[in-house]
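Biologist: Could you take me slowly through one loop position in this model, and then follow the thread from there to other loops, strands and rings? Please explain each term when it comes up, since I am still new to reading structures.

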Amino acid sequence: MSSARNASCNVMMSDIGVIAKGNSENKWWVSVSGILDTKPVANADITIYNYQLQPIGTAKSDADGFAVIEPKGKPFVVVAAANGQKTYLRLVDGEDNSLSRFDVGGQVIEKGLKGFIYGERGVWRPGDTLHITFILYDPEKRIPENHPVSFELYNARGQFAGKQIQSKGVNGFYTYSVPTGDSDPTGLWNAYVKVGGTSFHKSLRIETIKPNRLKINLSIPGERLDATAGSLPVTLTSSWLTGAIARNLKVKVDMTLSKTTTQFKGYSNYIFNNPASNFSANESEIFNGALNEEGEVKFTLKSPKAENAPGMLNANIVCRVFEQGGDASIYTQNVPYSPFSSYVGINLNQEEGKYIETDVNHRFDIVTLNADGKPVTRDNLEYKIYKVGWS
């Protein structure tokens, strides 16, 4: 019985190393190099086969050992042959290297097309005509000339507001002029541009606006507020839009702390926010006074209290300068607020959308950073991992 139970495996002996990378457009970059000396292998015959082992793409490596192949079908294995040797590399989903430990980012390009929507300004009033421009980037010429590019607009209530179709663009630029009514609802409208089976979206803000008559400037030292800094000297200046100094006008400054995602450059795969925190946004008054004869006022900004903060917070500072008649001009400024001197991040090493399997060993990476995103040493950290059961 023991003679019928033999363990076996295939052993491949080759001095050729192959690395293959592909994108969503089924375009593959193949690198061939020697395993013994790591030098590139030139003129290597590279063939990509599908699951039925039919060749669907071939190429030869250049002097740097690189080749670009666009196979006609879904690849299953790539074969590189040179100097009488061959190397096989499977291109099967799930066997590729996980990107969870690499600092990668970007957007997935749909069907090889890129698009960008913009308007002549950021905010419109009801009754204004929206002048919207769409830029289409199609380097592979997938969209034929005079192909229709449709524009659809929905109001803040989700109701259909209009549609226009352009078939002639200038160097990929398509323009649309969409009128609105004086009684149209205000809020975030949604614009969609559809071309070649791909849709692009942009939110358009239509509001009833009362323009400011005063120019306001708030000067805060540094790019961030820190709880460890204590108090910061702040200078607020104001002047009329005509250029005259706004003398002796009443000033009120409020601050609202709200949650935000704590992220640091180079650590995008780490989680720094505490999901168990019950922090809620709170508003506080940080100054109430008046400008001097020069249209300026200086005051001290004390670090606000942020109990149970989940991580880095966003400080929304609203400055109001009141005219003699009671109307106020408003200036808003968002500043990051760091309630802690250091942050602990955890990397689950799992790709987005995947679950952590049970009965499998997992590796969690931990990092400690200061508020500037620089590594910092922290001793006596305590770790607890819980398995939560949902029923």
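Modeller: Ala 244 counts as partly exposed because its relative accessibility is 38%, where buried means under 20% relative accessible area, exposed means over 50%, and partly exposed lies in between, with a 1.4 Å probe and protein chains only. Please keep in mind that this is a predicted model, in which local features need pLDDT of at least 70 and side-chain atom pairs count only at pLDDT 80 or more, while totals for chains, interfaces and linings use all residues. Residues are numbered from 1 along each chain as its sequence is written, and side-chain values use heavy atoms, with hydrogens and water left out.

Ala 244 sits in the loop that joins strand 18 (231–240) to strand 19 (250–259); a strand here is a DSSP run of E with at least two residues, and a helix a run of H or I with at least four, both numbered from the N terminus. Although 51 residues separate Ala 244 from Gly 295 along the sequence, their C-alpha atoms are 9.4 Å apart in space. Lys 250, the residue with which strand 19 (250–259) begins, lies over the face of Phe 322, 5.6 Å from the ring centre; a charge sits over a ring if NZ of Lys or CZ of Arg is within 6 Å of the ring centre and within 35 degrees of the ring normal.

A second loop, between strand 11 (149–154) and strand 12 (160–166), holds Asn 155, which counts as buried because its relative accessibility is 6%. A polar atom of the Asn 155 side chain lies 2.9 Å from the backbone nitrogen of Gln 159. If residues up to four places away in sequence are set aside, Asn 155 touches Ala 161, Pro 185, Leu 188 and Trp 189, contact being defined as heavy atoms within 4.5 Å.

On either side of this loop stand two aromatic residues, Tyr 154 and Phe 160, which form an edge-to-face pair with 5.6 Å between the centres and 75° between the planes. Rings of Phe, Tyr and Trp (its six-membered ring) pair if their centres lie within 6.5 Å, and planes under 30 degrees apart count as stacked, over 60 as edge-to-face and the rest as tilted. Tyr 154 is partly exposed at 24%, and Phe 160 is also partly exposed, at 49%. Another edge-to-face pair consists of Phe 340 and Tyr 343, 5.8 Å centre to centre with 80° between the planes; here Phe 340 is partly exposed at 34%, whereas Tyr 343 is buried at 3%. Both belong to one aromatic cluster, together with Phe 264, Tyr 267, Tyr 270 and Phe 272, and the structure holds 13 aromatic pairs.

For a residue within a strand, consider Thr 133 in strand 10 (residues 129–137), which is buried, with a relative accessible area of 12%. Beyond its neighbours within four places in sequence, Thr 133 is in contact with Phe 116, Ile 117, Tyr 118, Phe 173, Tyr 174 and Thr 175.

Finally, there is an open sheet of four strands in the order 4-3-6-7, with antiparallel pairing, whose edges are strand 4 (55–60) and strand 7 (85–90), each pairing on one side only. Two strands pair if DSSP finds at least two bridges between them, and strand 3 (residues 45–49) meets strand 4 in the antiparallel sense over five bridges. Ile 48 has Gly 57, in strand 4, as its bridge partner.

Terms used
A polar contact is a pair of N or O atoms within 3.5 Å; within protein, one must be able to donate a hydrogen and the other to accept it, and residues adjacent in sequence count only if both atoms are side-chain atoms.
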